[in-house]
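Colleague: Before I use this model any further, I would like one careful, close look at a single part of it. Please choose one meeting of two chains, work outwards from there, and give the cut-off behind each term as you go.

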Amino acid sequence: MKIVTQAQLNQWLDAIAEEKMLVAPVEVEGKLLYQPVDDSGAIAWGYERTDMSPKTWLFPATEPILTVEEGLETAIRPAQDPEPKVVFGVRPCDARGALAIDALFLDQDPADGRYAQHRAATTLVGLSCPQMWDSCFCTVVGGAPNGSEGLDILLTEVEGGYAVQVVSEKGEALAAGLQGEEQAVKLPEPVLREGLPELRATDEWRAQFDERYWERVADRCLGCRVCTFVCPTCRCFDVRDEVATHRPGVRVIERLRAWDACTVSAYRRIAGGHNPRPTQHMRLRNRFYCKFMYYPEDFGALGCVGCGRCIDACPVGIDILEAVAAVAETAAHPEAVG
Amino acid sequence: MSGQKSERVESGTAAPARPTMEAQIREAARAYLEDVAVSCVIGYERGPRGNVRPAFIYEADDVDRLVWGADCNLNLVTYVHNWKQPLGRGQPVPTVAIVARPCDARAVNLLIHEQQIQRDKVKVIGLTCAGTEINGQPRLACQYCDERVPVVYDVLIEAEGEVTAAVEADAYEDIAEMESWTPAERLAYWASEFDRCIRCYACRQACPGCYCFECVAEQVDPHWTSIALELPEKHFFHVMRAFHLAGRCVGCDACEAVCPMDIPLSKLNRKLAKEVEAMFGYRTGDDPETAPPLTTFDPQEQLRL
Amino acid sequence: MAPEHPFEPKIVGFLCNWCSYAGADLAGTSRARYPQNLRIIRVPCSGRVDPLFVVKAFQDGADGVMVLGCHPGDCHYQQGNYFAQRRYALMHRLLEFTGLEPERLFVEWVSASEGKKFADVTTAFTDKIRALGPSPLKRKRAVGQPSPEEVLA
């Protein structure tokens, strides 16, 4: 396996940053965010897990999908092609998050053209986790701290530097510029968290849909969008046509797509005012069920990769792993339902 | 628990100590659930990972879930907005009991004045408070707070020792400092702070004063602001939210506590509180009768615009 | 790209129907001159002017915003301008605190008979904004996308 020193890695990253956009974890006022960097020196080396996932680089928080110029003639222009970019320091869970979004946006017909463009233009360079952190539970949902699924290249910290695993063709092309030494090396096993609950099959979730547990958890849900926005797999969005500018005779309208969340009350409200999920308990339950039942049944992938960001970010301590454990507990002891 | 300005004596030390605040809260909750027709007691509990979170207690047997400590920070009064409707057809509006710090309790007066709740439907379990902490650090709001006993309560939970109102800092020192900067410097400051904002609306949802069915930031018609998660929209949202709370904000700083990006939102609210105090001598939530300044006027006044 | 030309500010004015708008009318019939930069939005009362309008005006391209109402005591609806006075005293300070130059928001009382005053304050305000330059609060398009202006050019 190719081993690179920190210096060689930095050199490679600096060269990438010259040629295209390099996105990596940086620290902003104490928060770790994936942002464009000019060189490897700006990267927040030694980070554990970022506060926001790199999702925005494949599925931007805001983007114009097309522009309509309304005048004597009407012209519709698609949005500009996305810039080629490399996202460095992607954790294995976040890469699986991209695969989860692919299950809907790429693998269903019709594919989401805009997302497909971003995906094609982006190379994901992963960094293996030496351990599972405080709120991580990737192993519960089929992931691993050193998993390479969804990545183009995976780097693992070893003595003296990093071991480089090329995972895809895109990764191979990018790794060609990476100088290193071929060495035999045994990759360290990541330290796992013990005592995590078991994720039950979708049928069990279906059976527990009407449990009062969901109401009790939702009592404290504020109905904000934090969990959805920090999540690497959440992909619901709002689309609105907005007048961007106008002058006499011409109006420019942008069709904007922006992140949205099923946790807010207006999300599922339809024309006429009816809301199929009028209570917070229905909305919160929907979020969990989408991840662990609807999405896997409809699109073949779990909607959760166990990154734990929602657990840390939720201001009222709603814990998705607790929900998984509750379902497992109820399944094991159906008579003790509270 | 820092115990800087009050002493919290653990039960089991020298008698006859007053029971701990936590024990008193549990007793009050038990009494409400058993004796008075309270549907729910809203307080704090610790989750399995040790973090404090809101607790909703429905049975007297569960009151031991309730805790109190320096890390208890959300304004629980905000949940009263979920309890304003009858629980079923033909039923009365429920009564709930809420654990409230002095800052939180002011929100009760505000909401009574704004006819969102009736006084007899809310039982305030008021706490004498020496300040709470975020991540082990005393909250900014607490350093400026001169209030130790809530302005409104049905049951007063008293701390062991003397809870003095030793105010450590001038409430508006940081605001005054920012006022001395140039407009461009302030713009750059807020641009860098709002840049991190993800428009999650946690601040709005946590605030007891924000209870509009449809926020102007989400309205489609009229279309006030774009759905984009970009700086101008975030600037718009925070400025307008702060303004909609002018004279109504109780200074609980729940907005800042819940922000996932640690944006210093309370500066906006405290700036307005400073101006409201200077112009109108008004402080939100003193009592349920006095109207917030923007909902009333004085024909004689002349303000510098 | 659009041809270069010297900066001419866009001024938005919220004028109350009964006093300041009538005052503007009087300026017109008296042939009192004032700059063409002003876009007038007639409202029934200065109390109708929601601070939302002001912020949205700035975001949508205004370099300066005026709110003109009846003199206190003369409001057609008795009270509207009293509310406006309180509201704008606070809004002005908040906008200033978040980085807008305080001169960009101008609130004044102009009666129906004060045509010359209207022309004078509008001219002075426009001159001041021209000197200050474009407002920092205008919305710009996202990174990597052409701005609508670029699209139109």
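Modeller: Two residues are taken to be in contact if their C-beta atoms, placed from the backbone, lie within 7 Å. The model is predicted, with local features needing pLDDT of at least 70 and side-chain atom pairs counting only at pLDDT 80 or more, while totals for chains, interfaces and linings use all residues. Residues are numbered from 1 along each chain as its sequence is written, and chains are lettered from A and ligands numbered from 1 in the order in which they are written.

The part I would choose is the meeting of chains B and C, where 29 residues of chain C are in contact with 27 residues of chain B. On the side of chain C that touches chain B, the elements giving two or more residues are helix H2 (51-59) and helix H3 (80-97) of chain C; helices (H or I, at least four residues) and strands (E, at least two) are DSSP runs, numbered from the N terminus. H3(C) makes the greatest contribution to the side of chain C that touches chain B, namely 14 residues. By class, this side of chain C holds 15 nonpolar, 7 polar and 7 charged residues (Ala, Val, Leu, Ile, Met, Phe, Trp, Tyr, Cys and Pro are nonpolar, Asp, Glu, Lys and Arg charged, and the others, Gly among them, polar).

Within this interface, H3(C) meets helix H9 (residues 266-280) of chain B, and the axes of the two helices come within 10 Å and cross at roughly 145°; axes are lines fitted to C-alpha atoms, for helices over the stretch in contact, and angles run from 0 to 180 degrees between N-to-C directions. From H9(B), the residues that take part are B:Lys271, B:Leu272, B:Glu275 and B:Met279, and on the H3(C) side they are met by C:Ala89, C:Leu90, C:Arg93, C:Leu94 and C:Phe97. In this contact of H9(B) with H3(C) there are 6 nonpolar residues and 3 charged ones, but no polar residue.

To place H3(C) in its own chain, it helps to look at what surrounds it. Chain C has 5 helices and 4 strands, and, read along the sequence, they follow the pattern β-α-β-α-β-α-β-α-α. The 4 strands form an open sheet with parallel pairing, in the order S2-S1-S3-S4 of chain C, where two strands pair if DSSP finds at least two bridges between them. Strand S2 (38-43) and strand S4 (105-109) of chain C are the edge strands, each of them pairing on one side only. Direction ignored, neighbouring strands of this sheet are turned by 20° against each other on average. Helix H1 (residues 20-29) of chain C packs on the sheet, where it touches S1, S2 and S3 of chain C, and its direction makes about 115° with that of S1(C). Between strand S1 (residues 11-16) and strand S3 (residues 64-69) of chain C, the parallel pairing runs over 5 bridges, and C:Val12 has C:Val65 as its bridge partner in S3(C).

In chain C, which has 153 residues, 52% are buried; a residue is buried if 20 or more other C-beta atoms lie within 10 Å of its own, exposed if 12 or fewer, and partly exposed in between, with C-beta atoms placed from the backbone. Of the contacts in chain C with a separation of 6 or more, 81% are accounted for by residues 24 or more positions apart.

On the other side of the interface, chain B has 9 helices and 7 strands, and its C-alpha atoms fill a box of roughly 60 × 50 × 45 Å, taken along the principal axes. Buried residues come to 46% of the 305 residues in chain B, and among its contacts between residues at least 6 apart in sequence, 71% join residues at least 24 apart.

One residue of chain B shows such burial in detail. B:Ile125 lies in strand S4 (residues 122-127) of chain B, and it counts as buried because it has 25 C-beta neighbours inside 10 Å. Leaving aside residues up to four places away in sequence, B:Ile125 touches B:Ile25, B:Ala28, B:Ala97, B:Ile98, B:Val99, B:Ala100, B:Val155 and B:Ile157. One of these, B:Ile98, is 27 residues from B:Ile125 in sequence and 5.7 Å from it in space, C-alpha to C-alpha.
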